[in-house]
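Reader: I should like to learn how a protein model is read, one feature at a time. May we work through an example together?

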Amino acid sequence: MLDRLLTVLKARFGSAPALTEAHLKDMKGGVDVLADMANRRVMRRYLDKPVDPVLLDTLCAVALSAPSKSDLQQADIVVVTDKAQRAVLDELAPGNPWMKAAPAILVFCGNNRRQRLAFDWRSRPYVNDHLDPFFNASVDAAIVLATFVAAADRVGLGTCPISTLRNNAGKVSDLLGLPNPSALIPSIPVPHIPLPSIPNPFGR
Ligand SMILES: Cc1cc2nc3c(=O)[nH]c(=O)nc-3n(C[C@H](O)[C@H](O)[C@H](O)COP(=O)(O)O)c2cc1C
């Protein structure tokens with residue numbers, strides 16, 4: 001148990017924390033889960049076997065249970081099942097032929113619209129039009145992706161994030177019927193960070 005975790009961490013980092021049997025009593029039996037988590041890898045070869053849609057829904061629900069900035073839930077998961085859509089996605093991610101063979105494709109989206117809608121619904125001017133909402137939605141989506149990967153690992157399903165799709169964000173949005181990103185992020189002005197005035201060390 002403990003040995004496995006330490007071996008896995010040493011294999012990855014060349015050394016491992018000074019964890020001993022004495023620590024296990026405070027770890028609620030989680031040491032095996034930690035070893036599994038540390039021993040994960042992306043998977044680029046897949047069985048020719050569909051994933052039960054109910055299992056996919058369950059994994060999505062678990063992933064969307066991740067922490068969310070201000071509980072704004074600024075992330076969505078699109079499960080792409082349409083064969084024609086998948087074919088276009090394959091074309092938009094050249095250099096990732098394993099995508100074609102994957103039994104399931106999910107697109108993880110930062111939702112930059114939800115917060116704007118909340119202002120709209122209350123007829124309030126949107127006052128957060130700076131880098132932060134873009135950043136927060138991206139971070140929420142990344143956390144949901146990471147949680148999905150961890151959840152899929154737990155049930156024996158390998159995954160591989162494909163960032164190449166981002167190079168064609170507009171085309172992916174159109175294909176999946178998502179709101180146009182350019183409409184969502186009309187401008188990203190430089191954030192207004194008040195700079196402290198730094199006294200001139202030379203007194204000039
Ligand atoms: C945000 C993100 C984007 C990634 N994009 C791709 C990708 O486009 N194609 C790919 O084959 N792997 C992609 N990966 C997988 C990484 O290459 C992989 O996680 C990394 O090489 C470390 O290997 P490991 O996860 O097996 O430890 C991505 C991973 C992350 C987290």
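**Reading the model feature by feature**

Author: Let us begin with one residue: at 16% relative accessibility, Arg116 counts as buried. Please keep in mind that the model is a predicted one.

Reader: Why does Arg116 count as buried?

Author: The term buried applies under 20% relative accessible area. Arg116 has 16%, and therefore falls in that class. Its salt-bridge partner is Asp129, with the closest N and O atoms 3.6 Å apart. Asp129 is in the loop between α7 (114-121) and α8 (131-154), while Arg116 is in helix α7, so the pair ties together parts 13 residues apart in sequence. At 28% relative accessibility, Asp129 is partly exposed.

Reader: How many salt bridges does the structure hold?

Author: The structure holds four salt bridges. One of them joins the side chains of Arg4 and Asp36, at 2.4 Å from N to O. This pair links distant parts of the chain, with Arg4 in helix α1 (residues 2-13) and Asp36 in helix α3 (residues 31-38), 32 residues apart. Both partners are partly exposed: Arg4 has a relative accessible area of 35%, and Asp36 has 34%.

Reader: Are the partners Lys25 and Asp26 buried or exposed?

Author: Lys25 is exposed, at 68% relative accessibility, and Asp26 is exposed as well, at 60%. Their side chains meet in a salt bridge of 3.7 Å, N to O.

Reader: I should now like to consider the chain as a whole. How many helices and strands does the secondary structure contain?

Author: The chain has 10 helices and two strands. Along the sequence, they follow the pattern α-α-α-α-β-α-α-β-α-α-α-α. Buried residues account for 27% of the 204 residues in the chain. One may also ask how far apart in sequence the contacting residues are. Among contacts between residues at least 6 apart in sequence, 72% join residues at least 24 apart.

Reader: How should I read a nonpolar core?

Author: The general idea is that, in soluble globular proteins, nonpolar side chains tend to be buried together. In this structure, the largest nonpolar core has 14 residues, of which Val80, Leu89, Met99, Ile105, Val107, Leu165 and Val172 touch the most other members. At least two residues of this core come from each of α5 (83-92), β2 (105-110) and α9 (169-176). The largest share, three residues, is supplied by β2.

Reader: Which residues does Leu165 touch, not counting residues up to four places away in sequence?

Author: Leu165 touches Leu89, Leu92, Ala93, Val107 and Val172 on that count. Apart from this core lies another, of 12 residues, among them Leu59, Ala63, Ala141 and Val144.

Reader: Finally, how is a pair of packed helices described?

Author: Two packed helices are described by the angle between their axes and the distance between the axes. Here, the axes of α5 and α9 come within 11 Å and cross at roughly 180°. An angle over 145 degrees counts as roughly antiparallel, and α5 and α9 are therefore roughly antiparallel to each other.

Reader: Which residues make the contact between α5 and α9?

Author: Gln85, Val88, Leu89 and Leu92 of α5 meet Lys171, Val172, Leu175 and Leu176 of α9. By class, this contact has six nonpolar, one polar and one charged residues. Leu89 and Val172 have appeared before, in the largest nonpolar core.

Conventions
Residues numbered from 1 in each chain as written. Predicted model: local features only at pLDDT ≥ 70, side-chain atom pairs only at ≥ 80, totals over all residues. Heavy atoms only, no water. Helix = DSSP H or I, 4+ residues; strand = E, 2+ residues; numbered from the N terminus. Buried < 20%, exposed > 50% of the residue type's maximum accessible area, 1.4 Å probe, protein only. Core = buried A, V, L, I, M, F, W, Y, C linked by side-chain atoms within 4.5 Å. Contact = heavy atoms within 4.5 Å. Axes fitted to C-alpha atoms, helices over the stretch in contact; angles between N-to-C directions. Parallel < 35°, antiparallel > 145°, perpendicular 65-115°, else oblique. Nonpolar A, V, L, I, M, F, W, Y, C, P; charged D, E, K, R; others polar.
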